[in-house]
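Got your viewer open? Get ready to click along, one selection at a time.

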Amino acid sequence: MSTSTSKSKSASKSMFSNNPKYAILRSTATPPSVPLPVDTLLQEELNAGKDSIGYHYYIRRDGSLSAHRPLHQRGNHTPGYNRCSVAILYEGGLDHDMLPCYTMTMQQSARLKQLLDWLKTIYPWIEFKQIED
């Protein structure tokens, strides 16, 4: 087997090596008056040099949920946690004065609870961790 083939298989394997210990919650760091649709989020991630959205799930203010990475694929979201977590991003995180603030809506909270309950059925050991920027 050639060296380049070995390297590409190794790179592919590491890209899909996710052993979730944590469910990581982060915010988009946007104020309530600024919506962040999925297509805009994708463009921001691409502009940051990522190949796609680095989070597994995204919860909008209305509680809608979208999936962006398979659970077995490592994320690209939080240094030190990419290979050991399921990443959840929620729309919000700043108040009207652009200060960090927990801005999760009731709809987002309900959806997050549903998602965490479901993740616990797959990974009973998973721990919830909120990361503040």
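Start by selecting T78, which sits in the loop between strand 3 (65-67) and strand 4 (85-90). Keep in mind that what you're looking at is a predicted model.

Is T78 buried or exposed? Its relative accessibility is 6%, and because buried means under 20%, T78 counts as buried.

Now show the side chains of T78 and H77: a polar contact of 2.8 Å joins them. Next, add I24, R26 and I131 to your selection. Setting aside the neighbours within four places in sequence, these are the residues that T78 is in contact with.

Time to look at the sheet. Colour the strands and follow the order 3-2-4-1-5: that's 5 strands making an open sheet, with mixed pairing. Which strands stand at the edges? Pick out strand 3 and strand 5 (127-130): each has a single partner strand, so one side of each has no neighbour in the sheet. Try rotating the view, too; on average, neighbouring strands here are turned by 20° against each other, ignoring direction.

Stay with strand 3 and add strand 2 (residues 57-59). These two run antiparallel, and 3 bridges join them. For one pairing you can click on, select Y57 and then A67 in strand 3, its bridge partner.

Last stop: select helix 3 (residues 106-122). What does helix 3 lie across? Show strand 1 (22-27), strand 2, strand 3, strand 4 and strand 5, and you'll have the answer: helix 3 lies across these strands. Compare its direction with strand 4, and you'll find the helix running at about 170° to that strand.

Definitions and conventions: Residues numbered from 1 in each chain as written. Predicted model: local features only at pLDDT ≥ 70, side-chain atom pairs only at ≥ 80, totals over all residues. Heavy atoms only, no water. Helix = DSSP H or I, 4+ residues; strand = E, 2+ residues; numbered from the N terminus. Buried < 20%, exposed > 50% of the residue type's maximum accessible area, 1.4 Å probe, protein only. Polar contact = N/O pair within 3.5 Å; in protein donor to acceptor, adjacent residues only side chain to side chain. Contact = heavy atoms within 4.5 Å. Pairing = 2+ DSSP bridges. Axes fitted to C-alpha atoms, helices over the stretch in contact; angles between N-to-C directions.
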